[in-house]
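Please work through the following exercises with the sequence and the 3D structure open beside you. Each task is followed by a solution in steps.

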Amino acid sequence: RGPADLLLRNARVFDAFSGTFFRGEVAVAEGVIIGFGASGAERVLDLDGAVVVPGLIDAHVHIESSLLSPSEFARAVLPRGTTAVIADPHEIANVLGLAGVRYLLHATESLPLSVFLMAPSCVPATPFETAGAELSSREVTEILSWDRVIGLGEVMNVPGVLEGDRGLWEKLVSARGRPIDGHAPGLSGPDLWAYLLAGPRSDHECTTLAEAREKL
């Protein structure tokens, strides 16, 4: 009922639900959009017809694969509309283990970009890798207890899931009730059903429309 903190005037506002634009105002109070207009505001910005859209969330990214520090990564993506990312730090964990994940959490603490992490599930990705580090189920459970860690990262060890690998299943159980990312190229039929029952609820590995439809 009081004045808004910020009022954006003369904007072209994108309605993501209907896929349409409308010209109007957007009012903000305490960091929350409260409506399309206000009786008063502490600060008013005339956008002169500029477009206002919701911030984009990158649901799966490996910041270290960009070869940029987290602050430089934020500087690259924020101006293009990405305001939040969900990062899977398994690349840095493959080399530095728990210390690498801690570094990434610390380095993203005070960025203008909102960064959430997934606990890496498969470090190393296969028992044949010798990148320098390994994350046990105990360490993954510890990571899951940290602030801004929201779930379990892509479960790449599909044979381990299907064959009941004990260490991997301990990680799946520790993340139960939270988001678990999948990573299962070409998986189909009863093997796919078993994989889904283990907990993963997403997959970014589909290469054909038929595969995507079946997984959907």
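The exercises below concern two pockets and one helix of this predicted model.

**Exercise 1.** Describe the lining of the largest pocket, giving its volume, its central residues and the elements that contribute to it.

*Solution.* Begin with the space itself, which amounts to about 420 Å³. Next, turn to the 13 residues that line the largest pocket, among which Ile33, Val52, Val53, Pro54 and Gly55 are the closest to its centre. Two or more lining residues come from strand E1 (4–15) and from strand E5 (51–52), and E1 gives the largest share, with 3 residues. Finally, sort the lining by class, which yields 11 nonpolar, 1 polar and 1 charged residues.

**Exercise 2.** Carry out the analysis for the second largest pocket, and state which helix gives the most to its lining.

*Solution.* The volume of the second largest pocket is about 250 Å³. Its lining consists of 16 residues, and those nearest its centre are Val123, Pro124, Glu134, Asp165 and Lys171. Helix H6 (residues 166–174) gives the most, with 3 residues. Divided by class, the lining of the second largest pocket holds 7 nonpolar, 6 polar and 3 charged residues.

**Exercise 3.** Explain why the buried residues of H1 line one face of the helix.

*Solution.* First identify the buried residues of helix H1 (residues 70–77), which are Pro70, Phe73, Ala74 and Val77. Viewed down the axis of H1, these buried residues fall within an arc of 100°, and therefore they line one face of the helix. As a general rule, an α-helix has 3.6 residues a turn, so residues three or four places apart point the same way. To finish, note the packing partners of the buried residues of H1, namely strand E6 (56–61), strand E7 (82–87) and helix H3 (98–107).

Methods: Residues are numbered from 1 along each chain as its sequence is written. This is a predicted model: local features need pLDDT of at least 70, side-chain atom pairs count only at pLDDT 80 or more; totals for chains, interfaces and linings use all residues. Side-chain values use heavy atoms; hydrogens and water are left out. On a 1 Å grid over the protein atoms alone, a cavity is a set of points where a 1.4 Å probe fits but cannot get out, and a pocket is an open set with protein on both sides within 12 Å along at least five of seven lines; lining residues have an atom within 4 Å of a point. Grid points are joined across faces, edges and corners, and a volume is the space filled by probe spheres set on the points. Helices (H or I, at least four residues) and strands (E, at least two) are DSSP runs, numbered from the N terminus. Ala, Val, Leu, Ile, Met, Phe, Trp, Tyr, Cys and Pro count as nonpolar, Asp, Glu, Lys and Arg as charged, and the others, Gly among them, as polar. Buried means under 20% relative accessible area, exposed over 50%, partly exposed in between (1.4 Å probe, protein chains only). The arc is that of the directions from the helix axis to the C-beta atoms. Contact means heavy atoms within 4.5 Å.
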